[in-house]
Amino acid sequence: MTVKVILKVHFCLDFCNKVVRSSKRSKLGFELQMGEGHKSCILAAENERELEQWLLNLNTVITNAKNASENNKKQVTSPESSTDYMSNSIPSPFGYGTLKGLEHSKKS
């Protein structure tokens, strides 16, 4: 008799480098390979089609996150490279900047 258990689990993929097939525990298994110092996680799909979808979707998410992170690093400018770097900042929805906001919070 096979008993199925449905678990709700949250995975942080910040340290995940790639997702690969893994037959360590199941023929439909796949492994979330984490960066150095982090444990990998082995999961299993219910069928071959689901396995392929998990591999494709998770690797797509990881690749997109890495690309976005690299693009953000390239777009960072230093004060020396811009004459008025504060003019590019997003205005505060509260009508004042961070320093004024801190000053305001001290008065309370």
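A helix here is a DSSP run of H or I at least four residues long, and a strand is a DSSP run of E at least two residues long, with numbering from the N terminus. The legends below use these terms for a predicted model.

**View 1. Overall arrangement of the predicted chain.** The protein has 2 helices and 3 strands, and from the N terminus on these elements follow one another as β-β-β-α-α. Of the 108 residues in the protein, 17% are buried. The 3 strands form an open sheet in the order 1-2-3, with antiparallel pairing. Strand 1 and strand 3 are the edge strands of this sheet, each pairing on one side only, and neighbouring strands are turned by 20° against each other on average, direction ignored.

**View 2. The pairing of strand 1 with strand 2.** Strand 1, residues 16–21, runs antiparallel to strand 2 and is joined to strand 2 by 5 bridges. Two partner pairs can be picked out in this view: Arg-21 has Phe-30 of strand 2 as its bridge partner, and Val-19 has Leu-32 of strand 2 as its bridge partner. In general, the strands of a sheet pair through backbone hydrogen bonds, in either a parallel or an antiparallel manner.

**View 3. Strand 2 and the surroundings of Leu-32.** Strand 2 spans residues 29–34 and is mostly covered, with 5 of its 6 residues buried. Leu-32 has its place in this strand, and its relative accessible area is 2%; because buried means under 20%, Leu-32 counts as buried. Between the C-alpha atoms of Leu-32 and Asn-17 the distance is 7.7 Å, although these two residues are 15 residues apart in sequence. As a general point for reading such a view, the side chains of a regular strand alternate between the two faces of the sheet.

**View 4. The hairpin of strand 2 and strand 3.** Strand 3, residues 41–44, runs antiparallel to strand 2, and 4 bridges join the two. At one of the paired positions, Gly-29 stands opposite Ala-44 in strand 3. The hairpin has 6 residues between the strands, and within this hairpin Gly-37 takes a positive phi near 90°.

**View 5. Cysteines without a disulfide.** The structure holds 0 disulfides. Cys-12 is accordingly in no disulfide, and the nearest cysteine sulfur, that of Cys-16, is 9.8 Å away. Why does Cys-16 not bond to Cys-41? The sulfur of Cys-41 is the closest cysteine sulfur to that of Cys-16, but the two are 9.2 Å apart, which is too far for a bond because a disulfide requires sulfur atoms within 2.5 Å. The two residues Cys-12 and Cys-16 also have their own accessibility classes: Cys-12, at 42% relative accessibility, counts as partly exposed, whereas Cys-16, at 3%, counts as buried.

**View 6. The largest pocket and its lining.** The largest pocket has a volume of about 670 Å³. Its lining is made up of 18 residues, of which Val-5, Leu-7, Leu-43, Ala-44 and Trp-54 lie nearest the centre. By residue class, the lining divides into 14 nonpolar, 1 polar and 3 charged residues. Strand 2, strand 3 and helix 1, residues 48–75, each supply at least two residues of this lining, and the largest share, 3 residues, comes from helix 1. Ala-44, one of the residues nearest the pocket centre, is also the residue of strand 3 that stands opposite Gly-29.

**View 7. Ala-65 in helix 1.** Is Ala-65, whose place is in helix 1, buried or partly exposed? Ala-65 has a relative accessible area of 46%, and because partly exposed covers the range between the 20% and 50% limits, Ala-65 counts as partly exposed. Ala-65 and Leu-13 are 52 residues apart in sequence, while their C-alpha atoms are 9.3 Å apart in space.

Key. Residues are numbered from 1 along each chain as its sequence is written. This is a predicted model: local features need pLDDT of at least 70, side-chain atom pairs count only at pLDDT 80 or more; totals for chains, interfaces and linings use all residues. Side-chain values use heavy atoms; hydrogens and water are left out. Buried means under 20% relative accessible area, exposed over 50%, partly exposed in between (1.4 Å probe, protein chains only). Two strands pair if DSSP finds at least two bridges between them. On a 1 Å grid over the protein atoms alone, a cavity is a set of points where a 1.4 Å probe fits but cannot get out, and a pocket is an open set with protein on both sides within 12 Å along at least five of seven lines; lining residues have an atom within 4 Å of a point. Grid points are joined across faces, edges and corners, and a volume is the space filled by probe spheres set on the points. Ala, Val, Leu, Ile, Met, Phe, Trp, Tyr, Cys and Pro count as nonpolar, Asp, Glu, Lys and Arg as charged, and the others, Gly among them, as polar. Axes are lines fitted to C-alpha atoms, for helices over the stretch in contact, and angles run from 0 to 180 degrees between N-to-C directions.
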